[in-house]
Amino acid sequence: MRNHFLITTILFLCLFSQAQETKKDTSPKPIPEAKSFVTKHQGVFGGKTIDYTTTAKETFLTNKDGDSIASFWSVAYTKTAMGDVTKRPVTFVFNGGPGSASMWLHMGFFGPKIVKVDSDAKNDDGAAPYNLVNNENGLLDLTDLVFIDPVGTGYSRLVGKGEGKDFYGLKEDVDSFAQFIRKWVTENERWFSPKYLAGESYGTTRAAALGKALEGSGQNMALNGMILISQALDYAGSTSEPNNITSFITYLPSMAATAWYHKKAGQGKTLENFTQECRDFTYNTYVPALYKGNLLTDEEKNAIAEKLAYFTGLDKTYILRSNLRILMGRFQKQLLLDKGLAIGRLDGRFMGDEEDKVSEKPHLGDAASYQISAAYTASLNHYFASELKIKMDRPYITSGGGSNWRWRTVPDTQYWEPMPVNTAPDLGETMRRNTAMKVMVASGYYDLITPFFDAEYTFDRNGIVKERVQMKYYEAGHMMYTHEPDLIQLSKDIREFISTN
């Protein structure tokens, strides 16, 4: 009897505890007063001395009933006494994730101060202090800049009746950015200013859909251009999975480029010539072989494996055992297997020394991320506090907004087949409606997350107007601006793109 009572009590307490955990707190969150920090500065950008104002602030977003549901954190750099605003461009800048703050583009490339990490990707960022420098390659002489953090990142957060479901989804995320941009343009009287979006990674997924969204809601806003850094519009080409044939096509030239960098393949040839050779092989030989599958003869398999070994630097026997399909995680471990090193995913130049030398894929994480992230985080917090005089009651979250992310919003009654996310058709539609809009795509040869060949594959399809697209290439990875020569070249390319648009 005693044991029965004890068991019953324990079961009741467990069920009560579970009920308490699953019960949602539906009470409205408080709506604090929006904070704003305004400072004046001067800097040299593009060889010109520019006086500018920095406005770091919270902006409330509302639902259809007019209730405040979130505060967006933004940092805007605007030229002081700019004169005719109709001639002064403004560029809205954001990173990806989903669930990443704009810290990377802010402190790595576009901001007036940037942090320097090892340009050659040989050394870890170590510990503080770090190297924060004036960004003389910055663009403030040419365009105002507005850095935006989505809800759950930076200082952006839910308020009032706001819930995660209102923001943590592709459509919801795009709608929130559209609302913020319209608010900023209206409050700052910039409807006649040339307008650009600059996104990185998932930020390009967002940008392609955002351009279309800005045309709607009864407030049609036409963009002058988009700057897509490490584009990720069609996820079929940037998702390395066993049964995703598209990914084996799109990733192979990046593997070849990375093998060339580490002197495992293509020696005696230029990077450009070697990657072009791999492009030709991929389209003309590898694609048909992938689709033939088990219809390939042993002789054909052997010939394909020899060429894959030639391009990737991997062992031919390993490639045959892999059924001519090399997953990216395995490539990261196999390329420098003789040295016991795993290469980075965001940037194949980086290398990590892992204890487990025979794991299928890196287990420490991405060397290209953990070898620079501390420097970026510390530099942003130092810069905000010491130069922008920002004092907030909570930490700046570099990543986090994106839990239970919804890639599609479909009515429950509508049947649909799961397909990779693809916002490239949105971009194609927008370009055809807005014949003045141009696009610049920046890709890193050693980007093993969003491969450069995927950019080509995507932009050759989806109704995109190629005549108004500029494709640019850099000898680094996903964040090509960590490589000093690429930072300089990227700045030149964007300058030309905006100036001639």
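Start with the whole protein shown as a surface: about 22,400 Å² is exposed, and carbon and sulfur atoms supply 52% of that. Accessible areas here come from the Shrake-Rupley method with a 1.4 Å probe, and for residues only the protein chains shown count as cover. What you have open is a predicted model, where local features need pLDDT of at least 70 and side-chain atom pairs count only at pLDDT 80 or more, while totals for chains, interfaces and linings use all residues. Residues are numbered from 1 along each chain as its sequence is written, and side-chain values use heavy atoms, with hydrogens and water left out.

**The whole view**

Switch to cartoon. You'll be looking at 14 helices and 14 strands (helices are DSSP runs of H or I with at least four residues, strands are runs of E with at least two, numbered from the N terminus). The radius of gyration is 24 Å, close to the 23 Å from the globule rule for 501 residues, so the protein is as compact as a globular protein of that length. That radius is taken over C-alpha atoms, and the rule is 2.2 Å times the number of residues to the power 0.38. Turn the C-alpha trace along its principal axes and it spans about 85 × 70 × 50 Å.

How many of the 501 residues count as buried? The share is 54%, where buried means under 20% relative accessible area, exposed means over 50%, and partly exposed is in between (1.4 Å probe, protein chains only). Contacts (heavy atoms within 4.5 Å) tell you about the chain's path: among those with a separation of 6 or more, 72% join residues 24 or more positions apart.

Now colour by charge. The 56 positive and 59 negative charges have mean positions 3 Å apart. Lys and Arg count as positive, Asp and Glu as negative, and His and the chain ends are left out; each charge is placed at NZ of Lys, CZ of Arg, CG of Asp or CD of Glu.

**Stop 1: S68**

Select S68, in strand β3 (residues 68-79). Is S68 buried or exposed? It counts as buried, at 17% relative accessibility. Setting aside neighbours within four places in sequence, S68 is in contact with I31, F60, L61, T62, V159, G160 and K161.

**Stop 2: two cis bonds and helix α2**

Go to G97 and P98, which are joined by a cis peptide bond with omega about 0°. P98 sits in the loop between β4 (90-94) and α2. Follow the chain into helix α2 (residues 103-110), where eight of its eight residues are buried. Select them to see who is hidden: M103, W104, L105, H106, M107, G108, F109 and F110.

A cis bond also joins A128 and P129, again with omega about 0°. Look for P129 in the loop between β5 (113-116) and β6 (131-134).

**Stop 3: helix α3**

Select residues 170-187. This is α3, with 18 residues, reaching 26 Å from its first C-alpha to its last, close to the 26 Å expected at 1.5 Å a residue; the expected span is 1.5 Å times one less than the number of residues. Its buried residues include L170, F177, W184 and V185. What lies over the buried residues of α3? The cover includes β2 (48-62), β3, β4, β7 (144-149), β9 (195-201) and α4 (202-213). Just after α3, click on E189, which has a positive phi of about 55°.

**Stop 4: two more positive phi values**

K263 is in the loop between α5 (245-261) and α6 (271-292), and its phi is near 60°, positive in a residue other than glycine. K263 is exposed, at 62% relative accessible area.

L324 is in the loop between α8 (316-321) and α9 (328-334), with phi near 65°. L324 is buried, with a relative accessible area of 5%.

**Stop 5: helix α13 and strand β14**

Select residues 452-459. Eight of the eight residues of α13 are buried, so this helix is largely enclosed by the rest of the structure. Among them are F452, F453, Y457 and F459. The buried residues of α13 pack against β10 (225-231), α5, α6, α12 (424-433), β13 (438-444) and β14 (469-474).

Finish on K472, in strand β14, which counts as partly exposed at 22% relative accessibility. K472 and M440 are 32 residues apart in sequence, yet 7.4 Å apart in space, C-alpha to C-alpha. Not counting residues up to four places away in sequence, K472 touches M440, V441, A442, S443 and D493.
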